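Visitor: I'd like to learn how to read a model like this one. Could you walk me through it, feature by feature?

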Amino acid sequence: MLALTRFYLTTVGKKFVMAVTGIFLLGFVFVHMLGNLQLFVGSAKLNAYAAFLHGNPKLLWTFRVVMLAAVLWHVLIAVQLTLRNWANRPQKYKVVKYREADVSSRTMIYGGIFLVAFVFYHIAHLTLGSVGPVFDAQNVYGNVVAGFRVWWISAFYVVGMVCLGLHLYHGAWSLFQTLGLNHPLYNPLRRWLATGFAVLVAGANIAMPVAVLAGAVK
Ligand code: HEM
């Protein structure tokens, strides 16, 4: 137990927990995207899917509690590692040159902050119905379409999805490294998987507001 706590307090230990909670979050965004793609099939399909989820409160709440714990732990460690990083920053030089990898990981925290803001807005919009143009708990399809017809709501979602894509790319890339799957021979495959996953999830999510604004989904 003591050894585990000691490991957790190290940067490597925290990165490991970040990778594990990150895997849960990658799984969530993928499954959520698959569910939401039913928007393209029609209102009956998407509404039936939402009714199934709400008709199983035990399943829904177990899932919500696990996901919330994963998000909170992931964000807590991100803040701790960023503060640790800032504390160790070299102070001697006014202009500090970062390696390419450092620059992309430094932007993770800002993209991550935007994503948290996005999720708050998104839950208020489509789960609680407190900010969108209309809300009917029985008509999830109608809520999504009415929301995305408002151009600035769609624009906000698209910006959120670009942040999500960058975050997923860097997260998936670092995940392999943290779990020790880092070898020059496999790095092209690793980059390909990280890029493919990020483009797939962000692209499919962007297609939804774009399709509504273009009139292809009514
Ligand atoms: C265009 C993209 C998206 C669409 C159309 C969409 C749609 C929805 C809908 C309809 C709900 C409410 C479901 C219900 O109450 O039955 C929902 C809930 C939610 N979405 Fe999304 N979503 C999108 C992207 C995302 C992304 C990228 C994230 C995370 C980064 C996310 C996180 C959540 C969360 C945390 C909830 C609350 C789940 C719950 O009530 O337990 N969504 N989404």
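Visitor: Let me start with the ligand. Which helix gives the most residues to the shell around the ligand?

Guide: Bear in mind that this is a predicted model. H5 gives the most to that shell, with six residues. Of the 19 residues around the ligand, the ones that come nearest are Ala50, Leu126, Thr127, Asn205 and Met208. Two or more shell residues come from each of helix H2 (11-36), helix H3 (43-54), helix H5 (100-127), helix H6 (140-148), helix H7 (151-178) and helix H8 (187-213).

Visitor: And what does the shell around the ligand look like by class?

Guide: Sort the residues into nonpolar, polar and charged: the shell around the ligand has 13 nonpolar, five polar and one charged.

Visitor: Let me zoom out. How many helices and strands does the protein chain have?

Guide: Eight helices and zero strands, so the order of elements from the N terminus reads α-α-α-α-α-α-α-α, by the way elements are assigned. Along the principal axes, the C-alpha atoms fill a box of roughly 55 × 40 × 35 Å. Among contacts with a separation of 6 or more, 69% join residues 24 or more positions apart.

Visitor: How do I check the length of a helix, say H4?

Guide: Set the expected span against the distance between the end C-alpha atoms. For helix H4 (residues 57-87), 31 residues at 1.5 Å a residue should span 45 Å, and the ends are 44 Å apart, which agrees. H7 can be checked likewise: its 28 residues reach 40 Å from first C-alpha to last, close to the 40 Å expected.

Visitor: How many residues of H4 are buried?

Guide: One among its 31 residues, so H4 is hardly covered, given that buried takes 20 or more other C-beta atoms within 10 Å. Over the protein chain, buried residues make up 19% of the 218 residues.

Visitor: Now helix pairs. At what angle do the axes of H7 and H8 cross?

Guide: Look at how close the axes come, then at the angle. The axes of H7 and H8 come within 8 Å and cross at roughly 170°. That makes H7 roughly antiparallel to H8, because angles over 145 degrees count that way. The residues of this contact divide into 22 nonpolar, four polar and two charged.

Visitor: What follows H7?

Guide: Gly180, whose phi is positive, near 85°. Asn182 lies in the loop between H7 and H8. Leaving aside neighbours within four places in sequence, Asn182 is in contact with Phe176 and Gln177.

Visitor: Why does Asn182 count as partly exposed?

Guide: You count neighbours. Asn182 is partly exposed because it has 13 other C-beta atoms within 10 Å, and 12 or fewer would be exposed. Val41, in the loop between H2 and H3, is exposed, with 11 such atoms.

Visitor: Is Gly147 buried or exposed?

Guide: Gly147 is buried, with 23 other C-beta atoms within 10 Å. Its place is in helix H6. Not counting residues up to four places away in sequence, Gly147 touches His125, Gly132, Pro133 and Ile153.

Visitor: Last one: how far apart in space are Gly147 and Val29?

Guide: Compare the sequence gap with the C-alpha to C-alpha distance. Gly147 and Val29 are 118 residues apart in sequence and 20 Å apart in space. For Val41 and Thr195, the values are 154 residues and 27 Å.

Notes: Residues are numbered from 1 along each chain as its sequence is written. This is a predicted model: local features need pLDDT of at least 70, side-chain atom pairs count only at pLDDT 80 or more; totals for chains, interfaces and linings use all residues. A residue is near a molecule or strand if its C-beta atom, placed from the backbone, lies within 6 Å of it. Helices (H or I, at least four residues) and strands (E, at least two) are DSSP runs, numbered from the N terminus. Ala, Val, Leu, Ile, Met, Phe, Trp, Tyr, Cys and Pro count as nonpolar, Asp, Glu, Lys and Arg as charged, and the others, Gly among them, as polar. Two residues are in contact if their C-beta atoms, placed from the backbone, lie within 7 Å. Axes are lines fitted to C-alpha atoms, for helices over the stretch in contact, and angles run from 0 to 180 degrees between N-to-C directions. Angles under 35 degrees count as roughly parallel, over 145 as roughly antiparallel, 65 to 115 as roughly perpendicular and the rest as oblique. The expected span of a helix is 1.5 Å times one less than its number of residues.
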